Amino acid sequence: MATPLDGGGVAVLPNSVSNVDSASPLNDGLKCSKPESPIFIFLFFHKAIRNELDALHRLAMAFATGNRSDIQPLSERYHFLISMYRHHSNAEDEVIFPALDIRVKNVAQTYSLEHKGENNLFDHLFELLNSSINTDETFPRELASCTGALQTSVSQHMAKEEEQVFPLLIEKFSLEEQASLVWQFLCSIPVNMMAEFLPWLSTSLSPDESQDLRNCLMKIVPQEKLIQKVVFTWMEGRGSVNKVESCVDHSQCSSRSLPHQVEKVNCACESTTCGKRKYSGPVIEVSDTTGTHPIDEILLWHNAIKKELSEIAEEARKIQHSGDFTNLSAFNERFQFIADVCIFHSIAEDKVIFPAVDGEFSFFQEHAEEESQFNDFRRLIESIQSEGASSNSDVEFYSKLCAHADHIMETIQRHFHNEEVQVLPLARKHFSFRKQCELLYQSLCMMPLKLIERVLPWLVGSLTEDEAKMFQRNMQLAAPATDSALVTLFCGWACKARNEGLCLSSGASGCCPAQRLSDIEENIDRPSCACASALSNRHCSVLAESGGSKRAVKRNMLELHKNEDGLENSETESIQKQCCSTRSCCVPGLGVSSNNLGLSSLSTAKSLRSLSFSSSAPSINSSLFIWETESNSCNVGCTERPIDTIFKFHKAIRKDLEYLDVESGKLSDGDETILQQFNGRFRLLWGLYRAHSNAEDDIVFPALESKEALHNVSHSYMLDHKQEEKLFEDISCVLSEFSVLHKSLPMTYLPENLSESNYGTSDGNTGDVLKYYNQLATKLQGMCKSIRVTLDQHLFREECELWPLFGRHFTVEEQDKIVGRIIGTTGAEVLQSMLPWVTSALTQDEQNKMMDTWKQATRNTMFNEWLSECWKESPVSIAETESSDHSTSRRGAEYQESLDHNDQMFKPGWKDIFRMNQNELESEIRKVYRDSTLDPRRKAYLVQNLLTSRWIAAQQKSPKALSEESSNSVEIEGLSPSFREPEKHEFGCEHYKRNCKLRAACCGKLFTCRFCHDNVSDHSMDRKKTMEMMCMRCLNVQPIGPMCVTPSCNGFSMAKYYCNICKFFDDERNVYHCPFCNLCRVGRGLGIDYFHCMKCNCCLGIKSASHKCLEKGLEMNCPICCDDLFTSSATVRALPCGHYMHSACFQAYTCSHYTCPICSKSLGDMAVYFGMLDALLAAEELPEEYKDRCQDILCHDCDGKGSSRFHWLYHKCGFCGSYNTRVIKCETSNSSCS
């Protein structure tokens, strides 16, 4: 047995995942950092979602295990929860993740991909719930499994966000910036969903947590009274305006209360005043007998959209004719705005208008086609911007731009015409005046606040005065009383489009609610000028980045961007005059914009795409900008790369996950065979996936992180591995409990009596046991579904995000080194299980490519030899992997053939040599010497072999003869026990502790070990050829194996460790077999305390990962004792230069030498010794005739050539200061010597 190099230690995975307690509102780790952080509001969101998921999964489990209640309430609750979560995810993709991606790269992309995977889970659950009318017996279990997988996936995603994303947001953003991010997040959720989401969130929390949520919102919502009333009205729910008053008053430090009716809402200009107010004017009443139809306002939307699209098409043609693309960014922003309007208008029609008019009406296909065209148009703009004007393809680009714009215009016009002809007449006929107003108001509320703030001025600006007034009146009429603050906000934004903010209804009897309360005020200060509010909202920005520098700006103070600091005084004065001279309708703005984060729309779309469009839960960007990956993201392409070997494991993992998912549904049948097979397959998958994850955590991910452009790209996946290991542990515990319960059940109840109908017919105890058995089976099935979904999504994200990075950032040599390091940390036992497991999931071509990659990575090792010996031991593996070796073996045969063809010299075989007499042998030697084509080293090698050939041939013949001779003999020499410690009756020898003797294949004698044989014989023992052993307890000679087969010994173990390849036994040390050395070595194993370096071809300690590699460095003799280092049982030491020697030899050699005996480099840090020589030479005075002499020297340490002053012994290198030098030339005199 050989010994690997000294070293040890296990790599420790940093940043472990800590479980987030769903019962606690705040994560402890986050709370310690900044307890006042606005980011903590997301923890409240997460807790509410976790609680709801847990409650719904329990209901699904109860439904699956016998409580057959109505499934409709469960379905409705899931629809609501999933709608909430989708809006939450889309807002994160639109606001939080792009902002984080500016400050910290390579973090947010993974979480957006996870949102996409969760959407697929939601869709699958909806399909399942919609199919509940079927009387399929598997439906309840499938429902429980799907809900469990959804709960696991979402909970893990939120835990990872709390572990990685939230701390980064708190660290990289100030409190003001965090508040702005969360506010933009809230403004990105549709209004109608916010009105449902906040009350649901509030009721999901305890009273204390609900108060903490209020306090958090106080810091987030801008200090504008009207906006605060809107938000807190949503939070309290409808019909609870009185509670809102106290919240808003508390936040404003004012004793004044807000009005309760629509007409009693203050104008934003007066939000800073104090005192009592007098109100006048009745509630607006609009008769429905005027003959008008509010539903015709859809025509106003259609006309505005068509007008905007027509102008965009015209602008595209201008760009084409002029060739001026300098303003293409503004064109792109304008297009994206109208695309958002069209998408949300379509959603409102699908969700509000069409279901109300006729449930069978649907323009979903038209809407999907329009969205696709918008996507194509947006990609074309991006391609034009990325190409620039340097290529000759500009003309083609611009012609495509015009063609796309015209095509969109044509599609929209045709779609609108169909709606106006088919839908509007029915709405006019069947709906009352008020109902039509309500439908339009509900449609408007399908948009988020930040889009409504831009849409209303845009829409009203395209209307006539009368149309605008009617639009506003209809909106006021349709809004419920609880939406008083919201409709005031809408009306104020609409007014901004008319005469620079002049109120639409000034002078009219029914005036705008934002103006109505500004007439009479007593004992108040004069209201602040509207221009201040307008400028404040106009320039409100939290993240302004210019030239790489960041600048935080308070949200409620007048502070301009750098590019707006030069605002002329005349312009400011004109704004103030206009605002103060004319009664303008001023309401506060939200203070958010698409550019608040310093992101252009192009960079946002490129860096972080939102999820694909979903009509039930849109976000501004998610409906338009789908996630885009490169065409080869999930496909390697034609070129095979070494790193692709890692991802071939994904195919085998998916195959086993599918098996577990399917077979877990059969466990409730009680079949013993299925349970045993399932248990074994699960344990195998767990072990191999753990090895795969450890290899990624310890080798692949650090390699990615070592590239500067890829920092943080792998941290999320390391957290995944932690969570997945916990899932495997949970399944293992439940599976063990299920197996124990299965064994305890009487066979009469298995498998036919496990149906639910038999619970009542059994006796009480047995019925309870059977019911619990069924519950465990259902739980196992759900957990297997969860692990499949979790790992499937994890593997998909790795292939989409990480796989392409290797082709862009790593050379083939670097990939080859990574693969070699992974294989080098994989033990023989794992490889023996892994290779058949992986190859069984691959095609023949994939098997060949994988094995070629492995053999290329292990070309310097004995891996092929080990592989062949393993296949001999397990014939099943031969059939599976035999063909994978075909291409490599064919190339080897061709190479050997070329060698034979080129070397025309006669090479006599062993039989020819054995028949040669001395004269013939000498004649062959002379032929070698006369051959001028051979180099001297080759001649010496051939002559040496010829001289020793007769002895070698004799040795080859003698073992067989001795073996036959000993087998015919009745008495075998050595047929007696040997003791390592006779007084303790401990079997073994001085070399090893073991309970058997080996029968040498060469001489047929029994020896305890090969060293005992070699010490008394004139030949060496090949232990791998050993076929028989003798048990030292019963003295019976038998085939070699790990235990005695004699019945009297009752399975007596020969040793704690046995290797079937090396035929090695050891009963006292930790030993492992290295498949690359193809030897047994002392240690705990590869990947634990050792790894195999593929270039050096030796086992090194884990801590020696950064050693100096020397190709096949261990395949040599020790330079001191000349024993073979590769097979030596003594400890071997690695030298700094890359050479090796025995540790004992090193100790003796360094007593008198400090340089490597092979390359002469220093064996360590010799600074102290060289300092002593400096002092010695400084004190020494040379004779006069030698003072000016210099010598040319070569430094062994730095390989530099230079000159040094003359000395008999010591010459210092002028480059590195080393005295490890030698003289190469002596000069008589040189004044330039150093």
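# Notebook: a first walk through the chain

I began with how the chain folds back on itself: of the contacts with a separation of 6 or more, 69% are between residues 24 or more positions apart. I should say at once that this is a predicted model. I count 39 helices and 19 strands in the chain. The chain has 1234 residues, and 52% of them are buried. Its accessible surface comes to about 56100 Å², and carbon and sulfur atoms hold 51% of that.

**Entry: confidence**

I looked up how sure the predictor is. The average pLDDT over the chain is 75, and 71% of the residues score at least 70. Then I noted two stretches to read with care. Over residues 6-29 the pLDDT stays under 50, and the model has 49 contacts there beyond four places in sequence. Residues 957-969 also stay under 50, with 12 such contacts in the model.

**Entry: helix H16**

Next I picked one helix to follow from end to end. H16 covers residues 433-444, which makes 12 residues. From its first C-alpha to its last I get 17 Å, close to the 16 Å expected at 1.5 Å a residue. Which residues of H16 are buried? I found Phe 433, Gln 436, Cys 437, Leu 439, Leu 440, Tyr 441, Ser 443 and Leu 444. A reminder to myself: an α-helix has 3.6 residues a turn, so residues three or four places apart point the same way. I then asked what covers the buried residues of H16. The cover includes helices H11 (297-322), H12 (328-357) and H15 (424-430). It also includes H17 (449-461), H18 (465-478) and H19 (484-495).

**Entry: Gln 373**

I moved on to a single residue in helix H13 (residues 364-387), namely Gln 373. Is Gln 373 buried or exposed? Its relative accessible area is 8%, so Gln 373 is buried, as the cut-off is under 20%. Leaving aside residues up to four places away in sequence, Gln 373 touches His 407, Ile 408 and Thr 411.

**Entry: salt bridges around helix H26**

I counted salt bridges and came to 46. Two of the pairs I opened involve helix H26, which runs over residues 715-744.

In one pair, the side chains of Arg 690 and Glu 725 meet at 2.8 Å, N to O. Arg 690 lies in helix H25 (residues 672-705) and Glu 725 in H26, so this pair ties together parts that are 35 residues apart in sequence. Both partners are partly exposed: Arg 690 has a relative accessible area of 35%, and Glu 725 has 21%.

In the other pair, Arg 797 forms a salt bridge with Asp 720, and their closest N and O atoms are 2.7 Å apart. Because Arg 797 lies in helix H27 (residues 764-809) and Asp 720 in H26, the pair ties together parts that are 77 residues apart in sequence. How buried or exposed are these two? Arg 797 counts as buried at 4% relative accessibility, and Asp 720 counts as buried at 4% too. I also found that Asp 720 and Arg 797 are linked with Glu 114 and Lys 160 in a network of salt bridges.

While in H26, I looked at His 715, which has its place in that helix. His 715 is buried, with a relative accessible area of 16%. From His 715 to Glu 705 I get 9.1 Å, C-alpha to C-alpha, for residues that are 10 apart in sequence.

**Entry: one more salt bridge**

I also opened the pair Glu 981 and Lys 984, whose side chains meet in a salt bridge at 3.3 Å, N to O. Glu 981 counts as partly exposed at 25% relative accessibility, whereas Lys 984 counts as exposed at 57%.

**Entry: a loop and a surface patch**

Where does Ile 1088 sit? I found it in the loop between strand E12 (1079-1082) and strand E13 (1090-1093). Ile 1088 counts as partly exposed, at 31% relative accessibility. Ile 1088 and Gly 1101 are 13 residues apart in sequence, and their C-alpha atoms are 9.1 Å apart in space.

My last stop was helix H39 (residues 1167-1179), where Tyr 1169 has its place. Tyr 1169 counts as partly exposed at 30% relative accessibility. Together with Val 1168 and Met 1172, Tyr 1169 forms a nonpolar patch on the surface, and the three share about 310 Å² of accessible area.

Note on methods. Residues numbered from 1 in each chain as written. Predicted model: local features only at pLDDT ≥ 70, side-chain atom pairs only at ≥ 80, totals over all residues. Heavy atoms only, no water. Helix = DSSP H or I, 4+ residues; strand = E, 2+ residues; numbered from the N terminus. Expected span 1.5 Å × (residues − 1). Buried < 20%, exposed > 50% of the residue type's maximum accessible area, 1.4 Å probe, protein only. Contact = heavy atoms within 4.5 Å. pLDDT = per-residue confidence, 0-100. Areas by Shrake-Rupley, 256 points an atom, 1.4 Å probe, with all protein chains shown as cover. Patch = residues over 30% accessible without salt bridge, like charges linked within 9 Å, V, L, I, M, F, W, Y side chains within 5 Å. Salt bridge = Lys/Arg side-chain N within 4 Å of Asp/Glu carboxyl O.
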